[in-house]
Amino acid sequence: MVIVFSQVAILFVFIIAGYVLGKTKRADSKNVGLLSALEVYVFLPCSVFKTFSSNFNIGYLTEKYSYILISFCVLATVWIIAILISTFLSDNKYLQNNYKYSLVAPNYGYMGYALAEGVLGSAGALNMMMFAIPVMLYTNIIGYSTLTKRKLSLTKLLNPMVIAMIIGGIVGITNINVGGVAKTVLDKSAACMAPVSMLLTGIAISEFKIVNFFTNVKLYIVSGLRLLVFPLVIGVVLCLLFGKEVALTALFVHAMPCGLNTIVYPKLVGEDCSIGAGLAVISNIFACITIPICLGLFL
């Protein structure tokens with residue numbers, strides 16, 4: 001599982017770079033706000049559009065629609081459990097939302113895609129993207145709303161990521177060819193998503209005393225559930241019900257560390273992201289060990 005360690009290493013190179021920039025005052029709150037805006041309004045939507053327009057077609061959807069249904073069931077179960085756990089962990093509504101989001105939405109977009117491609121090839125990566133659609137919807141609709149404190153409404157549902165999903169899905173189904181300048185813009189913008197997220201994470205982390213993260217028991221509880229308990233239970237249940245291929249596909253989504261939007265979205269609206277930063281540090285450190293364990297059991 002060399003690719004696992006290499007992906008985590010890449011992740012931490014950018015995080016460390018952001019951390020150094022923050023600690024040396026080369027980056028400040030203005031830079032963080034700009035990076036958050038670029039991430040939410042440019043890079044993430046381009047990445048979402050690229051994924052949907054490239055993979056969301058009638059043929060593949062007809063063959064693999066069950067992946068979406070299974071994933072919705074898994075997501076709903078995890079979401080209900082996450083609500084109960086987050087209520088136990090804090091009385092503060094916003095902190096509850098952070099814990100709940102971290103338990104439900106893993107960092108599948110950066111690590112999951114790369115790992116699936118490296119371990120299973122393009123076919124396996126495509127299956128993983130299909131399985132990730134419900135989580136992507138949760139991330140960009142419910143997650144976006146709760147972490148930015150914006151109430152759900154018909155107008156608020158149409159945030160940049162959802163619009164990108166809709167247009168990308170239409171392009172994919174109608175088999176419209178996206179090439180030339182448009183493809184280059186999408187490719188380059190999508191490529192910026194992970195590095196900018198990591199830099200933003202590092203800058204955000206630099207505002208806090210890292211030692212406090214390692215003394216917060218709640219961060220270990222959430223990370224342990226996110227990295228081991230949830231993926232192992234999901235993997236075993238799906239393997240028994242649908243076979244090893246479905247179980248392994250699910251793990252490339254649900255065995256990943258905590259998502260970074262608990263930093264990106266709060267920063268966008270000037271909210272506290274200390275819990276999100278702590279979970280990013282703790283879960284990604286332990287992911288070096290847990291991901292090979294979880295995937296190795298089903299390969």
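How many helices and strands does the secondary structure of the chain come to? The count is 12 helices and zero strands.

## Overall fold

This is a predicted model. Read along the sequence, the pattern is α-α-α-α-α-α-α-α-α-α-α-α, in keeping with a secondary structure of 12 helices and zero strands.

The C-alpha trace spans about 50 × 45 × 40 Å along its principal axes. A compact globule of 299 residues would have a radius of gyration near 19 Å, and the 18 Å of the chain agrees with that. Of the contacts between residues at least 6 apart in sequence, 84% join residues at least 24 apart.

## Surface, burial and charge

Buried residues account for 53% of the 299 residues in the chain. The area that the chain exposes is about 13,000 Å², and carbon and sulfur atoms supply 71% of this area.

The chain has 19 positive and 10 negative charges. The mean position of the positive charges and that of the negative charges lie 5 Å apart.

## Cysteines

How many disulfides does the structure hold? The number is zero. Cys258 is in no disulfide, and the nearest cysteine sulfur, that of Cys294, is 13 Å away. Cys258 is also buried, its relative accessible area being 0%.

Why is the sulfur of Cys288 without a bond to the closest cysteine sulfur? That closest sulfur belongs to Cys294 and is 13 Å from the sulfur of Cys288, which is too far for a bond. A disulfide counts here as a pair of cysteine sulfur atoms within 2.5 Å.

## Pro106 and the loop between H4 and H5

Pro106 sits in the loop between helix H4 (93-104) and H5. Is Pro106 buried or exposed? With a relative accessibility of 4%, Pro106 counts as buried, since the cut-off for buried is under 20% relative accessible area.

In sequence, Pro106 and Cys258 are 152 residues apart. In space, their C-alpha atoms are 4.7 Å apart. Beyond its neighbours within four places in sequence, Pro106 is in contact with Val135, Arg226, Val253, His254, Met256, Pro257 and Gly259.

## Two buried threonines

Thr139 belongs to helix H5, which covers residues 108-147. Its relative accessibility is 5%, so Thr139 counts as buried. Which residues is Thr139 in contact with, leaving aside its neighbours within four places in sequence? They are Tyr101, Ala105, Tyr108, Tyr144, Asn261 and Tyr265.

Thr249 is placed in helix H10, residues 244-254. Thr249 has 3% relative accessibility and therefore counts as buried. Its contacts, again without the neighbours within four places in sequence, are with Tyr67, Asn127, Met128 and Phe131.

## Tyr65 in helix H3

Tyr65 lies in helix H3, residues 58-89. A relative accessible area of 48% makes Tyr65 partly exposed; this class falls between the limits of 20% for buried and 50% for exposed.

How far apart are the C-alpha atoms of Tyr65 and Phe131? They are separated by 9.1 Å, with the two residues 66 apart along the chain. Phe131 is also one of the residues in contact with Thr249.

How values were computed. Residues numbered from 1 in each chain as written. Predicted model: local features only at pLDDT ≥ 70, side-chain atom pairs only at ≥ 80, totals over all residues. Heavy atoms only, no water. Helix = DSSP H or I, 4+ residues; strand = E, 2+ residues; numbered from the N terminus. Rg over C-alpha atoms; globule rule 2.2 N^0.38 Å. Buried < 20%, exposed > 50% of the residue type's maximum accessible area, 1.4 Å probe, protein only. Contact = heavy atoms within 4.5 Å. Areas by Shrake-Rupley, 256 points an atom, 1.4 Å probe, with all protein chains shown as cover. Lys, Arg positive; Asp, Glu negative; His and termini not counted. Charge placed at Lys NZ, Arg CZ, Asp CG, Glu CD.
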